[in-house]
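Hello,

Please find the structure just below. My notes follow it.

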Amino acid sequence: MEMLKNLDKIVNLCKARGLIFPGSDIYGGMGNTWDYGPVGVELKNNIKHAWWKRFVQEQSNVYGVDAAILMNPRVWDASGHTASFSDPKMDCKSCKQRFRADNLIEEHSKGKVSAEAMTNEEMEAYIADNKIKCPHCGNFNWSPIRQFKLMFETSRGTVEGEKDVVYLRPETAQGEFVNFLNVQRSMRAKVPFSIAQIGKAFRNEITPGNFIFRTIEFEQMELQNFCKEDDAMALYDTYKQKALQFVLDLGFKPDHFRFHDHEKLAHYAKAACDIQYLFPIGWEELNGIHHRSTWDLSRHQEYSGKPMTYLDPITNEKYIPNVIEYSIGADRLTLAVLCEAYDEETLENGETRVVMHFHPAIAPFKVAVLPLQKNLSDKAKEVYAMLSKEFRCEYDEAGSIGKRYRREDEIGTPFCVTIDFDTLENNTVTIRDRDTMEQIRLSIDELIPYIDKRIKFN
Ligand code: GAP
């Protein structure tokens, strides 16, 4: 296995090259918040688009929704979040820092001991027996474990003193479940069918975020597959493979992934598994696939009083469908894409080239138009105007051509089109490939079909 990449270098590159900035930067930032810059927003949008294309556009019986972030608070009673969506936290009584007990155990044992299936008492005993000290001040002076609520609360109401608590949704999934009947009836959907959504979720995470790996505001890309009980396990296995194939098709190396079955299942779950990616911080969850049985729809039936049943039009069988959930964080996938793409190459002249080998379909810019000299800019702008009708393009005329290539390599632009004096003579340009650095000459008319073919994601 190759060396893990250096996360700090990736964070620095992201800031310097307009991919991702610390949130509220001029105020000294705010823990676990990040802003996507002009280059990063293109990358993340392309990732979301590739996911939507693969799982919504190219599959039949998948329906998209965009549900409200603020939902009736009863939703969170039904889902179980108000009662139990919390992390086991311990405070260091010396330096007042707060930590997740399970993280303390896993970091102390360097990942060899999993606290996933431990009770709070077992975690406290492990921490005491192994004298695990505060990672911040080095003292051993812990409070007992307390459950720390992860849902952000806000309030709604116009009359002073009569405000109702509402929550920022901690997952997008409930927006899909509460619309089960609306989608099924309006689209005349037949089981098996799926509801998909991409949207923001919020969690009061106080543990170190590791850049955009864990943030308090993030986007999820989720698919709830509604099916018959007898078909659920096969669908669960299918989605494990589909989820893996999606990232492999984005150009990831197969040995950077592994399946991780959950050791502790929720009482209603029949199976649950993560796909883990080898991040610079080690093997960590990229996405989850969960067999949730009839739990979600049954709970919404109970709490809303509305029957969540499906009537099979052929057999006349009436039942509450099972759910197979596939959930992946758009930001977490963006981080994995950044880590996978980052490369430092030593060139023949001994210089180091930093290059992002993004799959062309998700590269922030598809092509950069570079006039060799400033007096070629009129022609170059003409080519830019033509290409930018089809692709997200860059235009750069500042500095030596070598420096301009390096800048495009750093943001992963797959093609650089150079306008030179021959262009004025015969309407041809050079097009340089980011990965091989090879250049070929094409007529301007050939550019769009050439680039179009090379950036497809199938
Ligand atoms: N509806 C199921 C659900 O929310 P989850 O495992 O809690 O399941 C699904 O979250 C995915 O969302 C994770 O695999 C991860 O990719 C992403 N995710 C969860 N918490 C996150 C956070 N704090 N920051 C960034 N991404 C997060």
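A strand here is a DSSP run of E with at least two residues, and strands are numbered from the N terminus. A residue is near a molecule if one of its heavy atoms lies within 4 Å of it.

Two points on the source. This is a predicted model: local features need pLDDT of at least 70, side-chain atom pairs count only at pLDDT 80 or more, and totals for chains, interfaces and linings use all residues. Residues are numbered from 1 along each chain as its sequence is written, and side-chain values use heavy atoms, with hydrogens and water left out.

Now the ligand. 20 residues surround it. The closest are Glu171, Glu222, Glu285, Leu286 and Glu325. By class, the shell has five nonpolar, seven polar and eight charged residues. Asp, Glu, Lys and Arg count as charged; Ala, Val, Leu, Ile, Met, Phe, Trp, Tyr, Cys and Pro as nonpolar; the others, Gly among them, as polar.

Which side chains make polar contacts (N or O pairs within 3.5 Å) with the ligand? Glu171 places a polar side-chain atom 2.6 Å from a ligand nitrogen. For Glu222, a side-chain N or O atom is 2.6 Å from a nitrogen atom of the ligand. Gln220 has a polar side-chain atom 3.0 Å from a ligand oxygen.

The ligand alone exposes 560 Å², and the protein buries 90% of that (Shrake-Rupley method, 1.4 Å probe). The elements giving two or more residues to the shell are β10 (217-227), β13 (282-291) and β16 (322-329). β13 gives the most, with five residues.

Best wishes

How values were computed: Polar contact = N/O pair within 3.5 Å; in protein donor to acceptor, adjacent residues only side chain to side chain. Helix = DSSP H or I, 4+ residues; strand = E, 2+ residues; numbered from the N terminus.
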